[in-house]
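Trainee: Could you take me through one part of this model up close? I'd like to hear how a pair of packed helices sits together and what lies around them.

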Amino acid sequence: SLSEKLQDVFKKLRGKGKLTEKDIKDAMKEVKLALLEADVNYKVVKDFINTVTQKAVGEEVLESLTPAQQVIKIVYDEMVNLLGGNDTKLTFSPSGFSIYMMVGLQGSGKTTTAGKLAALLKKQGKKPLLIACDIYRPAAIKQLEVVAEKVGVSCYADYDKKDAVKIAVEGVNFAKSNRFDIAIVDTAGRLHINEELMNELVAIKSAIKPTEILLVLDAMTGQDAVNVAEAFNNQLGIDGIIMTKLDGDTRGGAALSVKAITGKPIKFAGMGEKMEDLEVFYPDRMASRILGMGDILTLIEKAQEAIDQKKAEELEKKLRSMQFTLEDFLDQLKQIKKMGPLSQIISMIPGIKLKGDVDFDAGEKELKKIEAIINSMTKEERQDPSIINSSRKRRIAMGSGTTVQDVNRLLKQFEDMKRMMKQFSNPSFAKKGKFKFP
Ligand code: GDP
Ligand code: MG
């Protein structure tokens, strides 16, 4: 699969220490092939690879990441962009009454998705009304009614009327006058795009002025889905895409191409036939799913935020001259704490499974204790712990509400850490590759 192939590329990259331009270009060739095999649009792939290569070769060096991690992060960031960035939220009308018009080819999943969307919005406390405008097959109206009943929402239908535009308008009026706050209009599809279909949709659009037109696309149809999206966007104008059947054996190509080609984001993903199988679409989650890295990227980003670049440089200098003090130690602890609760940080590292008996609360408490102890020291003591004699220890323990043993333990931990950091700061140690990100 695409995910497996990309992971192979990254594994190879991780195995290298320093990356040359050729390493990066070779890796990008493989990424390109994997994307093309996944049926991603050729032009999209080309642009994607160009951007990533450019950024990866000319990248600024982030000290907290290894070269391979930096390349992976660039691929990830660009993939998030490709999938829609932050621009994927469903818009509600400021008037308090929103209309969503479902459009798409026959069999793409409009009726099913209309029901799923109603269920999702109902869960958010909204009161949606489904409106049946696929009047060409009586079975289609019935299908929407069945779906509505399944999710416990109302459905507006008119078996006698033979005018989809009129039904849409009446349905919307019914919704407004009956205190619904959302109307979801299910429309007819065709096997192929044709003028008759588009004319009807354009007429409905101008009659009801939907808050959003949502194009329902079948992910299984690959590149065709992208062509369909382009046509609907050009001829009708769409606001967002719902990609269905992503649970099936799709290669992902449509999802990765459609935003770049149409400029319109995917807003929801259909993940099955059941009414609860609709997910809000998050480009970052999708990208890490595709890149198969669990939440490692979240961890990398958190680490970057937390570790102030300048502080890291100062620390490095201090380590070189071995002037690392308890004050720096406290700083380090604060940086680690900024990353979030210990349990959360550790659970984000893929491949680490914790046994049940790890006591995180104890870890948090220990951190607080250490902070209290260091805070009770004088500036001189923090700079030079060797002056801390027994009477000073007693004073510090009193001031921090701890014991002399606690103070002793901390001082030993500090010496251990100093020794460990001295090793890390030794360039030959780093080169041997012993110090690697998990
Ligand atoms: P419409 O013609 O566009 O209204 O399409 P339908 O809503 O009738 O759906 C066509 C078929 O696709 C039905 O069998 C649905 O159950 C199925 N379907 C819709 N969405 C999904 C999805 O996300 N995953 C899967 N596996 N099947 C889906
Ligand atoms: Mg239908």
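Mentor: Here is a walk through one helix pair, then the ligand shell, then a loop residue.

Keep in mind that this is a predicted model. Start with H5, residues 110-123, and H6, residues 138-151: their axes lie 9 Å apart and meet at an angle of about 25°. Angles under 35 degrees count as roughly parallel, so that is the label H5 and H6 get. The crossing of H5 and H6 is right-handed. On the H5 side, the contact is made by Thr-111, Thr-112, Ala-114, Gly-115, Ala-118, Ala-119 and Lys-122. H6 answers with Ala-140, Gln-143, Leu-144, Val-147, Ala-148, Lys-150 and Val-151. Sort the residues of this contact by class and you get eight nonpolar, four polar and two charged.

Now follow H5 over to ligand 1. H5 gives the most to the shell around that ligand, with four residues. In total, 20 residues surround ligand 1, and the closest are Gly-109, Lys-110, Thr-111, Thr-112 and Gly-270. Thr-111 and Thr-112 are also among the H5 residues in the contact with H6. The shell has 13 polar, five charged and two nonpolar residues.

One last stop is Asp-39, in the loop between H2 (21-37) and H3 (42-57). Asp-39 counts as buried because 20 other C-beta atoms lie within 10 Å. Leaving aside residues up to four places away in sequence, Asp-39 touches Gly-222, Gln-223, Arg-251 and Gly-253. Ser-257 is 218 residues from Asp-39 in sequence, yet their C-alpha atoms are 8.8 Å apart.

Note on methods
Residues are numbered from 1 along each chain as its sequence is written. Chains are lettered from A and ligands numbered from 1 in the order in which they are written. This is a predicted model: local features need pLDDT of at least 70, side-chain atom pairs count only at pLDDT 80 or more; totals for chains, interfaces and linings use all residues. Axes are lines fitted to C-alpha atoms, for helices over the stretch in contact, and angles run from 0 to 180 degrees between N-to-C directions. Helices (H or I, at least four residues) and strands (E, at least two) are DSSP runs, numbered from the N terminus. Angles under 35 degrees count as roughly parallel, over 145 as roughly antiparallel, 65 to 115 as roughly perpendicular and the rest as oblique. A crossing is left-handed if the near helix is turned anticlockwise from the far one by less than a right angle, and right-handed if clockwise. Two residues are in contact if their C-beta atoms, placed from the backbone, lie within 7 Å. Ala, Val, Leu, Ile, Met, Phe, Trp, Tyr, Cys and Pro count as nonpolar, Asp, Glu, Lys and Arg as charged, and the others, Gly among them, as polar. A residue is near a molecule or strand if its C-beta atom, placed from the backbone, lies within 6 Å of it. A residue is buried if 20 or more other C-beta atoms lie within 10 Å of its own, exposed if 12 or fewer, and partly exposed in between; C-beta atoms are placed from the backbone.
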